[in-house]
Amino acid sequence: MNLENISLSLQKGKAKDVKVLVQEALDNNVTPKTILNEGLIKGMGIIGTKFKNNEVFVPEVLVAARAMNAGLEILRPVLVQEGVKPIGKALICTVQGDLHDIGKNLVKIMLEGQGFDCVDLGVDVSADTIVSAIKEHNPNVLCLSALLTTTMDYQKIIIEAIEEAGLRDKVKILVGGAPVTDSFAQKIGADGYSADAASASELAVKIIAG
Ligand code: B1M
């Protein structure tokens, strides 16, 4: 079946096949929402779970992500036309002083796979930039990534800056990255911590559902 093939091709990272299959499904009047949920998101979800269980690794996730983006490229204009609303908006970045972006990119991909509209501020992002971005984009969730023991404390500085700006009750803050732990997240006043990208996106969904 076509939707199953979309999911399988995505899992194998076959971007060109995904593009062709998504277009084929659209031509056969399958709704974009069905293609998104039962093809692309389903495939990415399977990859996310396998990644969490160490059955696949970063390279496989990255090629699957590229395939997902290829499919979304075809679908995005039709989805916008049909008015399929994202489930929420997420702001994501790697914190000031830190240039590691692979984990952050994976979290973004998983969030998009769950239906979040993501604003990616990139790496080495200051608290001031984040405060301005919250005012501009009004996100439901802010995801902060830090890979260095020297930059993880900057997550606290960001949370304090958001509090000082009077925006703390406007956004849920999730933190992550290799040196970050659940107890650290609680200590700095974050709303949640995730050890990996798939869990981060699942937590984001839970947290905005209340
Ligand atoms: Co860097 N580096 N690095 N590095 N680097 C580490 C992190 C390090 C552990 C290596 C080591 O020494 N063993 C070490 C940190 C030591 C410490 O602080 N305790 C280190 C160091 C020291 C440095 C430099 C200082 C080296 C130097 O210049 N002397 C320097 C710092 C530069 C800077 O940032 N200012 C540096 C530079 C680099 C490169 C540029 C060469 C490159 C980054 C390239 C890039 O990102 N585009 C790099 C890399 C690749 C690594 C390692 C090898 C791999 C990191 C990675 O991408 N992992 C890393 C060693 C390691 O981790 N084994 C290392 C794969 C990725 C999928 O995992 O990012 O952990 P991760 O993300 C996971 C989870 O953490 C979680 O989900 C992701 C997916 O499951 N997650 C989140 C991440 N962010 C999240 C946010 C969330 C939720 C979950 O929000 C809610």
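Helix α1 spans residues 2–11, and its buried residues are Leu-3, Ile-6, Ser-7, Ser-9, Leu-10 and Gln-11. After α1 comes Gly-13, which has a positive phi near 75 degrees. The model is a predicted one. Further along the chain there is an open sheet of five parallel strands, and a cobalt atom in a ligand has His-100 as its only protein donor.

**The sheet**

- The five strands of the open sheet follow the order β2-β1-β3-β4-β5, and their pairing is parallel.
- In general, strands of a sheet pair through backbone hydrogen bonds, and the pairing can be parallel or antiparallel.
- The edges are held by β2 (116–120) and β5 (192–193); each has a single partner strand, so one side of each has no neighbour in the sheet.
- Strand β4, residues 172–176, runs parallel to β5 and is joined to β5 by two bridges.
- Within that pairing, Leu-174 has Gly-192 of β5 as its bridge partner.

**Strand β1 and its partners**

- Six of the seven residues of β1 are buried, so the strand is largely enclosed by the rest of the structure.
- β1 and β2 run parallel and are joined by five bridges.
- Leu-91 has Val-119 in β2 as its bridge partner.
- Together, β1, α5 and β2 form a β-α-β unit that is right-handed.
- With β3, too, β1 pairs in the parallel sense, over five bridges.
- Opposite Leu-144 in β3 stands Cys-93.
- In a regular strand, side chains alternate between the two faces of the sheet.

**Helices across the sheet**

- Helix α6 (residues 127–137) lies across β1, β2 and β3 (141–145).
- The direction of α6 is at about 165 degrees to that of β1.
- Helix α9 (residues 197–209) lies across β1, β2, β3, β4 and β5.
- The angle of α9 to β4 is about 165 degrees.

**The cobalt site**

- The NE2 atom of His-100 is 2.2 Å from the cobalt atom of the ligand, and His-100 is the only protein donor.
- His-100 is placed in the loop that runs between β1 (88–94) and α5 (102–113).

**Thr-151**

- Thr-151 sits in the loop between β3 and α7 (154–164).
- Its relative accessibility is 4%, and Thr-151 therefore counts as buried, since the cut-off for that is under 20%.
- Apart from neighbours within four places in sequence, Thr-151 is in contact with Val-95, Gln-96, Gly-97, Asp-98 and Ala-146.

**Cysteines**

- There are zero disulfides in the structure.
- Cys-93 takes part in none, and the nearest cysteine sulfur to that of Cys-93 belongs to Cys-143, 9.2 Å away.
- A disulfide needs two cysteine sulfur atoms within 2.5 Å, so the 9.2 Å between Cys-93 and Cys-143 does not qualify.
- Cys-93 has 0% relative accessibility and therefore counts as buried.
- Cys-143 is likewise in no disulfide; the nearest cysteine sulfur is that of Cys-118, at 7.6 Å.
- With a relative accessible area of 5%, Cys-143 is buried.

Methods: Residues are numbered from 1 along each chain as its sequence is written. This is a predicted model: local features need pLDDT of at least 70, side-chain atom pairs count only at pLDDT 80 or more; totals for chains, interfaces and linings use all residues. Side-chain values use heavy atoms; hydrogens and water are left out. Buried means under 20% relative accessible area, exposed over 50%, partly exposed in between (1.4 Å probe, protein chains only). Donors are N, O and S atoms within 2.8 Å of the metal (3.2 Å for Na, K and Ca); water is not among the atoms, so sites may look incomplete. Helices (H or I, at least four residues) and strands (E, at least two) are DSSP runs, numbered from the N terminus. Two strands pair if DSSP finds at least two bridges between them. Contact means heavy atoms within 4.5 Å. Axes are lines fitted to C-alpha atoms, for helices over the stretch in contact, and angles run from 0 to 180 degrees between N-to-C directions. A crossover is right-handed if, with the strands pointing away from the viewer, the path from the first strand over the helix to the second runs clockwise.
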